[in-house]
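User: I'd like a close look at one part of this chain, with enough of the surroundings to see where that part sits. Keep it informal, but walk me through it properly.

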Amino acid sequence: MITMRMPFIVVVLVIVGFVTTSCLRSVVTIKVARDHSAVLVDSTTLGTGALNMMRQLSSISKKSVEQMLAESFSETSIKSSIRGMGRGVKLKSITKLTGKQKGYVSTYTIDDINNLTYNRLSALEKGPSTTSSGIQSDSYKAPMKFIYVDSVLTISLQQTNFELEERTSSPTDSEAREQIDNMKRMMSDLYVAVRVIPEASIISSNGAYVNNGVITLAELDMGAALQRFEQDLQLYKQFVESKGNETKLKALAERMGCCFHLETQPSIRTVLR
């Protein structure tokens, strides 16, 4: 085993991709007002592949899809996630999505963004488990924190220690193709995005992905990424070798383009008008 310090967003991409048992589409948007209040909207839905899998499991488990969905999206877990988010954070609403999309949208109001400490995985984890990347998910302690003072918004993407299994050698071409095929069956619907949108206009920012007033901290479209991997096996091998390594992940993000945006800096400083 080796111990490694990993940035918050790296942890999000690794754990969300490998801890959850279903292919999720997860988008977190934090809108920050000029008076330092904020609204956090967390939208989490099941992809088509996960829904099809649930229908197959339904016939075996004798549970309805609705029962399985209720177990997957526990309101109790969502409500309990507010603990530790900071003073002045309130859960405004939980909206169940029961149409074509299955999942929930939870909305939080924040009196002062300076008091927010946000752990993205708090509402997703079902309990202690070990991911296929060797990370103990119950020890996840890498929140986002915010400082908004004198028209400067600073987002701290804190690091944490994890014990990782030693990496084996890079897969062969045939192994890579087999692994990509398996991922397509299980993870092709996975989409993760974390964005911060200030109300005030952005004058400047050291963030790598700041466009049209939106600060993107992470965006992973696994379906599009898998298409890229099929076209270029070396990209996939780089993906396998990069987990837990900030420099390699940054290089991978640059090569992947639109389907893989990854903020690797520990602190994003944005000057607002």
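Which residues does Arg-269 touch, not counting residues up to four places away in sequence?

Analyst: Quick caveat before the details: this is a predicted model. Leaving out residues up to four places away in sequence, Arg-269 touches Val-152, Leu-153, Thr-154, Ser-204, Ser-205 and Asn-206.

To place those contacts, start with the strand. Arg-269 is found in strand β15, which covers residues 267-272 and pairs with strand β8 (residues 152-157) in the antiparallel sense over five bridges. Within that pairing, Thr-154 stands opposite Arg-269. Thr-154 is also one of the residues that Arg-269 touches, along with Val-152 and Leu-153. Strands of a sheet pair through backbone hydrogen bonds, either parallel or antiparallel.

Now the remaining contacts, Ser-204, Ser-205 and Asn-206. The sheet here is an open one of five strands, in the order β6-β7-β8-β15-β11, with antiparallel pairing. That order puts β15 between β8 and β11. β11 (202-205) and β6 (117-118) stand at the edges with a single partner strand each, so one side of each is left without a neighbour in the sheet. Asn-206 is 63 residues from Arg-269 in sequence, but their C-alpha atoms are 5.9 Å apart in space. As for burial, Arg-269 has 46% relative accessibility, so it counts as partly exposed.

That kind of long-range contact fits the chain as a whole: of the contacts with a separation of 6 or more, 68% are between residues 24 or more positions apart. The chain has 273 residues, 46% of them buried, and its secondary structure comes to eight helices and 15 strands. Its accessible surface is about 13300 Å², with 48% of that belonging to carbon and sulfur atoms.

For a contrast with Arg-269, take Val-196, which lies in strand β10 (residues 191-198). At 0% relative accessibility, Val-196 counts as buried. Its contact list, again without residues up to four places away in sequence, is Ile-30, Val-32, Phe-146, Leu-153, Ile-155, Gly-213, Val-214, Ile-215 and Leu-217. Leu-153 appears there and also among the contacts of Arg-269, which ties the two neighbourhoods together through one residue of β8.

Ile-30 and Val-32, from that same list, lead to strand β2 (residues 24-32), which is joined to strand β3 (residues 38-46) by nine bridges, running antiparallel. Ile-30 has Leu-40 as its bridge partner in β3. The hairpin of β2 and β3 has five residues between the strands, and His-36 there takes a positive phi near 80°. β2 is also joined to β10, this time running parallel, by eight bridges; Val-27 has Ala-193 as its bridge partner in β10.

On to Thr-216, whose place is in strand β13 (residues 214-221). Thr-216 and Val-196 are 20 residues apart along the chain, with 6.5 Å between their C-alpha atoms. Thr-216 is at 10% relative accessibility and so counts as buried. Outside the four-place window in sequence, Thr-216 touches Val-194, Arg-195, Tyr-209 and Glu-263.

One more hairpin, elsewhere in the chain: strands β4 (residues 89-98) and β5 (residues 102-110) pair in the antiparallel sense over nine bridges, with three residues joining them. Val-89 stands opposite Ile-110 in that pair.

Finally, the helices. Helix α6 (residues 222-231) and α7 have axes that come within 5 Å and cross at roughly 120°, so the two are oblique to each other. Met-222, Arg-228, Phe-229 and Gln-231 of α6 make that contact with Leu-233, Leu-235, Tyr-236 and Phe-239 of α7. By class, that is six nonpolar, one polar and one charged.

α7 (residues 233-242) also packs against helix α5 (residues 173-187), at an angle of about 75° and with the axes 10 Å apart. These two are therefore roughly perpendicular to each other. On the α5 side the contact is made by Asp-173, Ala-176, Arg-177, Gln-179, Ile-180 and Met-183, and on the α7 side by Leu-233, Tyr-236, Lys-237, Phe-239 and Val-240. Those residues divide into seven nonpolar, one polar and three charged.

Conventions:
Residues numbered from 1 in each chain as written. Predicted model: local features only at pLDDT ≥ 70, side-chain atom pairs only at ≥ 80, totals over all residues. Heavy atoms only, no water. Axes fitted to C-alpha atoms, helices over the stretch in contact; angles between N-to-C directions. Helix = DSSP H or I, 4+ residues; strand = E, 2+ residues; numbered from the N terminus. Parallel < 35°, antiparallel > 145°, perpendicular 65-115°, else oblique. Contact = heavy atoms within 4.5 Å. Nonpolar A, V, L, I, M, F, W, Y, C, P; charged D, E, K, R; others polar. Buried < 20%, exposed > 50% of the residue type's maximum accessible area, 1.4 Å probe, protein only. Areas by Shrake-Rupley, 256 points an atom, 1.4 Å probe, with all protein chains shown as cover. Pairing = 2+ DSSP bridges.
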